[in-house]
Amino acid sequence: MSDTTARICTLRAAGTALVVELTEPVPRVLHWGADLGDLSQDAQAALALTAEPAVLNNSVDVPRRFTIWPTEADGWSGTPAHEGHLAGAYTAPRMELSEVSYHPQDEGGELSVHLTDAGAGLDVTVTYRLEPSGVLGVRTRLARRPDADPAPYDLAQVTTMLPLPRRATEILDFTGKWSRERSPQRRPLGFGSYARQVRRGKSGHDSPYLVTVGVPGFGFRTGEVWSAHVAWSGDQRYLVEQLPEGAGVHAGVLGGGELLRAGEIRLAPGASYTTPVCHFAWSDQGLDGLADRFHTLLRARPGHPRRPRPVILNSWEAVYFDHDLDRLLRLADRAAEVGVERFVLDDGWFRGRRSDEAGLGDWTVDPGVWPDGLTPLVDHVRSLGMEFGLWVEPEMVNLDSDLAREHPDWVLGPARGTGPSARHQHVLDLSNPEVRDYLLGSLDALVDTYGIAFLKWDHNRDLHEAVHGTADRPVAHAQVHALYGLIDALKQRHPALEIESCAAGGGRVDLGILARTDRIWASDCNDPVERQAVQRWTAQLLPPELVGTHVGPGTSHTTARVSSDTLRLITALFGHAGIEQDLTRCSPEELARLTAWTALHRELRPLLHAGRTVRADLAQDATLLHGVVAHDRSAALYCWTRVATSPEGQYGRVQLPGLAPEATYRVRVRTELGLPSFHQVSGPAWLPAALDGRLTVPGTVLTAAGLPMPTLNPDQALLLELRRTDGTEQAGKGGPG
């Protein structure tokens with residue numbers, strides 16, 4: 001129901017709450033964080049009273065309030081909620097409350113606050129949507145009134161912000177590069193602004209990804225944390241800010257939004273701009289608590305994948321550009337024999353594509369390489385019981401292509417000429433309707449002709465000088481919306497089609513692209529040591545079933561590191577699994593190991609793709625423990641791995657996170673993928689019984705005392721499966737699988 005009389009509006013779900021007071025002229029945020037319960041009238045009055053700060057020395061003469069739309073009119077000297085001007089005027093907005101729509105629900109609900117700035121003729125609607133997962137989505141619409149001054153309002157920035165308490169003093173965000181995405185970095189929160197900007201036309205390999213601020217020393221399992229994610233696949237801004245005078249009674253702010261280029265958003269009367277959703281989440285259970293909220297949010301989407309995620313073979317590291325039908329038919333045969341369920345043909349199939357220097361944009365099958373089209377391969381793949389997938393990179397173009405020669409004006413860039421290429425390619429101007437129509441027609445024809453089940457949608461360069469036309473108008477914002485529209489239109493024509501977001505690996509991983517795609521490619525690096533880190537932190541936002549995790553050959557394509565079969569196979573088990581190697585060159589022993597791996601993945605898929613992700617807090621990163629635990633805690637699968645040497649001779653007891661202390665568990669070492677190489681004369685006393693599946697251990701011992709873990713050599717991993725033995729051990733098999 002809608003409550004239009006409330007003065008204090010509360011949204012509550014899953015142990016978290018947002019409380020807003022409808023003060024004049026602009027409402028203020030009273031609280032964001034732990035659920036305060038069902039607030040009585042007295043409690044509401046007390047919360048409002050204690051939200052009034054002191055008047056400071058050498059300061060404005062009224063208490064500073066942190067409003068939902070902070071500006072200098074509030075005495076706010078930090079980053080304003082929005083910046084812009086009307087032909088050089090009306091740069092000091094004076095927002096006033098005009099209307100409120102409040103729809104609380106048992107779990108979550110929605111609050112929309114309508115503000116107006118009469119001077120600029122600007123109406124602002126801020127909508128807070130608290131999902132049952134406890135994730136708060138905030139979206140803002142700024143619109144010029146139809147009767148406003150005819151001059152366009154130049155919108156410079158919009159920043160969505162929520163308050164942080166004084167105890168939130170440590171920042172965690174991410175950086176990275178090609179083949180080493182989502183590398184964490186920590187720093188203390190000082191006074192001033194900590195701002196991250198992404199100017200790549202996509203979220204980028206160095207994306208901040210999820211900015212988290214927490215109490216000192218917060219970890220995976222402990223600590224109170226607040227986080228923000230901008231669900232946008234283009235230029236972005238993230239902000240953590242703390243002023244000496246605070247933010248009302250709060251200490252600082254956390255927020256973000258789209259980074260707008262100069263002149264990009266010019267609002268004529270009747271025009272509007274809508275921000276991307278900025279997702280906020282709070283947890284008192286550390287980073288795993290945050291991850292669980294986001295995983296729950298994503299799994300509740302109507303379009304979230306429900307059927308078992310098929311095991312993939314991708315042809316790239318098997319054949320690269322060497323597309324030979326007989327060789328690919330043999331590769332498909334081997335793939336089916338080891339248990340692959342989806343065969344994906346990577347780059348090299350289209351006209352003129354014998355290297356990465358030519359052909360992009362010409363989305364028809366190369367008749368010189370494929371005289372009968374892809375049909376012989378597609379039919380053979382299907383006859384083996386596998387689905388067929390195809391690699392595409394629709395947003396890009398090589399200048400050495402028929403498309404670029406026929407339509408040079410379709411290439412994004414200044415009128416004076418394009419800038420330097422990257423990977424020998426440039427970007428198509430998707431904001432041009434003719435380009436969108438061409439790409440939609442080409443992709444639609446391919447999917448329709450070959451019955452394609454899966455597109456690996458790549459994006460191998462940053463966007464620089466994203467302008468078009470004789471006046472070099474900026475179009476980075478329009479480019480992202482056009483991409484979204486292109487994917488949406490293709491999926492409307494082919495509802496069963498699945499699409500992977502790949503951008504030179506994990507360069508476009510955000511909830512904007514995942515609102516219309518079905519998984520992400522976490523990294524071009526399949527080196528399991530690097531992948532352990534990449535997947536560990538990708539899981540901070542995404543559940544395993546949305547993350548492509550492939551096993552490659554013994555020698556890594558990207559690092560040249562040689563690693564053990566066991567580590568490679570166990571690492572790739574924890575996601576949407578696949579294979580990235582030439583199976584026709586594998587020995588019978590290697591093929592047998594891969595066959596056992598795909599069978600094990602299918603067995604454990606219901607748990608892996610429906611359970612809670614857990615990560616242990618260990619003293620150093622040379623050893624890692626992570627896993628997935630069934631929601632009813634009846635089953636769990638853990639990976640214990642060593643990626644480097646460390647000084648200690650043995651690690652000692654390690655608590656297994658996520659289990660039920662009151663339960664009893666059967667502990668089993670899964671040996672189908674082989675045993676690791678141990679750095680010890682003999683293992684801990686419990687290990688032989690676990691190898692035979694005979695070990696039972698009370699949950700209190702596992703969760704509080706912990707298991708003394710065996711000492712592994714570097715680049716090794718051990719797989720532990722736990723099943724509850726007190727009558728509920730079958731429950732962990734529920735969920736999609």
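Two residues are said to be in contact when heavy atoms of theirs lie within 4.5 Å of each other. With that in mind, and remembering that the structure shown above is a predicted model, we can begin with a single residue and then move on to strands, sheets and helices.

The residue to begin with is D117, which lies in strand β6, the stretch formed by residues 108-117. Leaving aside its neighbours within four places in sequence, D117 is in contact with P93, R94, M95 and L122. One of these partners shows how the folded chain brings separated positions together, for D117 and M95 are 22 residues apart in sequence, and yet their C-alpha atoms are 4.8 Å apart in space. Is D117 buried or exposed? Its relative accessible area is 5%, and because a residue counts as buried when this value is under 20%, D117 is buried.

From one strand we can turn to a sheet. Strands β4, β9 and β18 make an open sheet of three strands, arranged in the order β4-β9-β18 and paired in the antiparallel sense. Its edge strands are β4 (82-86) and β18 (265-267), each of which pairs on one side only. If direction is ignored, neighbouring strands of this sheet are turned against each other by 30 degrees on average. Looking at one of the pairings in detail, β4 is joined to strand β9 (residues 153-158) by five bridges in the antiparallel sense, and within this pairing E83 has Q157 of β9 as its bridge partner.

A further antiparallel arrangement is built around strand β11. This strand, residues 170-177, pairs with strand β12, residues 180-188, over seven antiparallel bridges, and L172 stands opposite R186 in β12. The two strands β11 and β12 form a hairpin with two residues between them, and in the turn S179 has a positive phi of about 75 degrees. Strand β11 also has a partner in strand β14 (residues 211-214), to which it is joined by three bridges, again with the strands running antiparallel; here E170 stands opposite G214 in β14.

Strand β23 (residues 387-392) offers a contrast in direction, since its pairings described here are parallel. With strand β22 (residues 342-345), β23 pairs in the parallel sense over four bridges, and F343 has F388 in β23 as its bridge partner. How does the chain cross from β22 to β23? It passes through helix α5 (residues 375-383), and this β-α-β crossover is right-handed. Four bridges also join β23 to strand β26 (residues 454-457) in a parallel pairing, in which L390 stands opposite L455 of β26. Five of the six residues of β23 are buried, and therefore the strand is largely enclosed by the rest of the structure.

The next feature is a pair of helices. Two packed helices are described by the angle between their axes and the distance between the axes. For helix α7 (residues 433-450) and helix α8 (residues 476-493), the axes come within 10 Å and cross at roughly 35 degrees, and the crossing is right-handed. On the α7 side the contact is made by R436, L439, L440, L443 and D444, while α8 contributes A482, L486, A489, L490 and R493. Sorted by class, this contact of α7 with α8 has seven nonpolar residues, three charged residues and no polar ones.

Some details of the backbone are found in the loops. In the loop between β2 (16-21) and β3 (28-34) lies P25, and the peptide bond that leads from E24 to P25 is cis, with omega near 0 degrees. Further along the chain, A504 lies in the loop between β29 (498-501) and β30 (519-521), where it has a positive phi of about 50 degrees although it is not a glycine. A504 is buried, with a relative accessible area of 8%. D715, in the loop between β39 (707-708) and β40 (716-724), has a phi near 60 degrees, which is likewise a positive value in a residue other than glycine. Is D715 buried or exposed? At 16% relative accessibility, D715 counts as buried, because the limit for a buried residue is under 20%.

Note on methods
Residues numbered from 1 in each chain as written. Predicted model: local features only at pLDDT ≥ 70, side-chain atom pairs only at ≥ 80, totals over all residues. Heavy atoms only, no water. Axes fitted to C-alpha atoms, helices over the stretch in contact; angles between N-to-C directions. Left-handed = near helix turned anticlockwise from the far one by under 90°. Nonpolar A, V, L, I, M, F, W, Y, C, P; charged D, E, K, R; others polar. Pairing = 2+ DSSP bridges. Buried < 20%, exposed > 50% of the residue type's maximum accessible area, 1.4 Å probe, protein only. Right-handed = clockwise from strand over helix to strand, strands pointing away.
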